[in-house]
Amino acid sequence: MSDATEIRIRELPKDKLSADHFELATVAMPEAGPEHILCETLYLSLDPANRAWMQGATYRSAIEGGQVMAGYTLGRVLESNHPNFEPGDLVEGDGGWRSHFVLKGKHASPVAPRDPLSHILSAYGITSKTAYAGMLAIGKPKAGDTVVVSAAAGATGSVAAQIAKASGARVVGIAGGERKCAWLTDTLGLDAAIDYRGDNLFEAMKRTCPDGIDVYFDNVGGSTLEAALFRMNRLGRIVCCGVVSQYDTGNPSPGPRGVPGLLVTKSLHMQGFLVMDYPELMDKADDDLASWIKSGQLKVAEDIVEGLANAPQGLVGLLAGENIGKRMVRVGTEK
Ligand SMILES: NC(=O)c1ccc[n+]([C@@H]2O[C@H](COP(=O)([O-])OP(=O)(O)OC[C@H]3O[C@@H](n4cnc5c(N)ncnc54)[C@H](OP(=O)(O)O)[C@@H]3O)[C@@H](O)[C@H]2O)c1
């Protein structure tokens with residue numbers, strides 16, 4: 001077999017991540033040992049969490065300099081020494097930034113094909129499932145509620161906002177720049193959008209949420225979370241999904257003003273979660289996502305970067321807000 005390629009972390013970033021922190025290497029094709037499978041990578045998911053993994057241990061161990069960059073992949077089995085898989089099967093797993101990867105069979109998840117295959121990572125992927133679990137199990141929007149979603153033009157946020165709309169809520173999205181804000185209102189049909197780069201957040205939330213906020217789905221933390229806290233209604237729910245404003249730095253800022261004071265005086269419920277906390281919701285999530293896509297209530301947005309060599313710049317761009325919808329790298333061909 002021919003050679004394989006992989007992208008390693010040359011040096012961990014001390015502050016902002018750049019493509020220079022990575023290096024591309026050509027290596028011998030890996031071999032599948034006993035109980036292992038060899039796969040070609042079709043798509044590599046790019047996630048803000050990739051940068052958070054460089055800050056230290058999270059829900060996984062920290063990434064070290066010199067390692068192949070970790071990442072979630074969709075692959076096709078080429079060789080199998082595991083009874084559950086045969087060549088041609090599609091699998092998901094932590095294959096890393098590689099053209100080909102070897103996993104223990106027990107660490108790979110079989111996945112059914114979708115048309116197109118990229119929908120496995122976008123429409124039905126981790127970010128959509130995260131939006132589903134966080135919005136419905138914690139946010140619990142009701143008809144007439146005001147729901148605010150940050151990073152609303154991104155993979156998780158765009159789905160969370162549309163699920164809240166499908167629940168009958170009035171939905172306000174926060175995103176960076178006029179292009180994204182126009183997309184939120186004109187394409188997704190949200191009720192209002194806030195450009196956090198151009199607007200004063202406190203004033204913009206007052207203007208777009210005249211009746212206060214009942215649910216805040218927080219993807220970003222920092223000053224956006226602080227502004228939302230001051231606008232929350234009594235008994236409101238804050239869904240802590242992620243903290244992307246604090247990932248691409250060597251010096252994350254401390255938590256916002258208002259915690260715990262406003263949690264007490266407004267009787268707020270503020271809860272963090274990981275999508276894997278909700279395995280029992282995943283089958284229903286697949287069914288509901290499919291039916292919303294069919295009815296037109298959920299628009300799937302993908303942002304595909306071509307070629308493994310462009311993954312570093314793709315991640316840097318994701319953290320800078322280049323993407324609308326789910327960013328991923330097309331590594332192989334769908335065939
Ligand atoms: N809890 C879980 O299980 C789970 C699972 C998956 C993802 N997440 C979290 O969900 C959030 C969104 O992830 P995603 O994969 O869907 O990525 P994404 O939203 O598609 O992409 C990240 C977006 O973050 C925004 N951003 C970057 N820096 C920012 C800043 N300083 N302040 C505000 N916004 C900023 C950018 O949009 P703008 O142009 O609008 O700035 C960018 O497009 C992340 O916090 C991630 O960690 C959580």
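## The six-stranded sheet

Six strands make up an open sheet here, paired in parallel and running in the order S10-S9-S8-S11-S12-S13. The edges belong to strand S10 (192-195) and strand S13 (269-272), each of which pairs on one side only. Ignoring direction, neighbouring strands of this sheet are turned against each other by 15 degrees on average. Keep in mind that this is a predicted model.

Which strand does S13 pair with? Strand S12 (residues 232-240) is its parallel partner, and four bridges link the two. If you want a spot to look at, find Ile238: its bridge partner in S13 is Met270.

## Helices lying across the strands

Two helices are worth picking out against this sheet. Helix H4 (residues 178-187) lies across S10 and strand S9 (170-175). Its direction is at about 165 degrees to S10.

Helix H6 (residues 222-231) lies across strand S8 (146-149), S9, strand S11 (213-218) and S12. Set against S11, helix H6 runs at about 165 degrees.

## Two domains and how they meet

The domain assignment splits the protein chain into domain 1 (4-122 + 301-330) and domain 2 (126-279 + 287-293). So how do the two sides touch? The contact draws on 18 residues from domain 1 and 16 residues from domain 2. Taken over C-alpha atoms, the centres of domain 1 and domain 2 are 28 Å apart.

On the side of domain 1 that touches domain 2, H1 gives the most, with three residues. That side of domain 1 has a mixed make-up: eight nonpolar residues, five polar and five charged.

## Around the ligand

Where does the ligand sit relative to domain 1 and domain 2? It lies between them, because both domain 1 (4-122 + 301-330) and domain 2 (126-279 + 287-293) give residues to the shell around it.

There are 30 residues around the ligand, and the ones that come nearest are Gly154, Thr156, Gly176, Gly242 and Gly321. As for the elements, those giving two or more residues to the shell are helix H1 (48-52), helix H2 (126-139), helix H3 (155-166) and helix H9 (311-319).

What kinds of residues make up the shell around the ligand? They divide into 16 nonpolar, eleven polar and three charged. Helix H1 turns up twice in this story, then: as a contributor to the ligand shell, and as the element that gives the most to the side of domain 1 touching domain 2.

Methods: Residues are numbered from 1 along each chain as its sequence is written. This is a predicted model: local features need pLDDT of at least 70, side-chain atom pairs count only at pLDDT 80 or more; totals for chains, interfaces and linings use all residues. Two strands pair if DSSP finds at least two bridges between them. Axes are lines fitted to C-alpha atoms, for helices over the stretch in contact, and angles run from 0 to 180 degrees between N-to-C directions. Two residues are in contact if their C-beta atoms, placed from the backbone, lie within 7 Å. A residue is near a molecule or strand if its C-beta atom, placed from the backbone, lies within 6 Å of it. Ala, Val, Leu, Ile, Met, Phe, Trp, Tyr, Cys and Pro count as nonpolar, Asp, Glu, Lys and Arg as charged, and the others, Gly among them, as polar. Domain bounds come from an automatic or database domain assignment.
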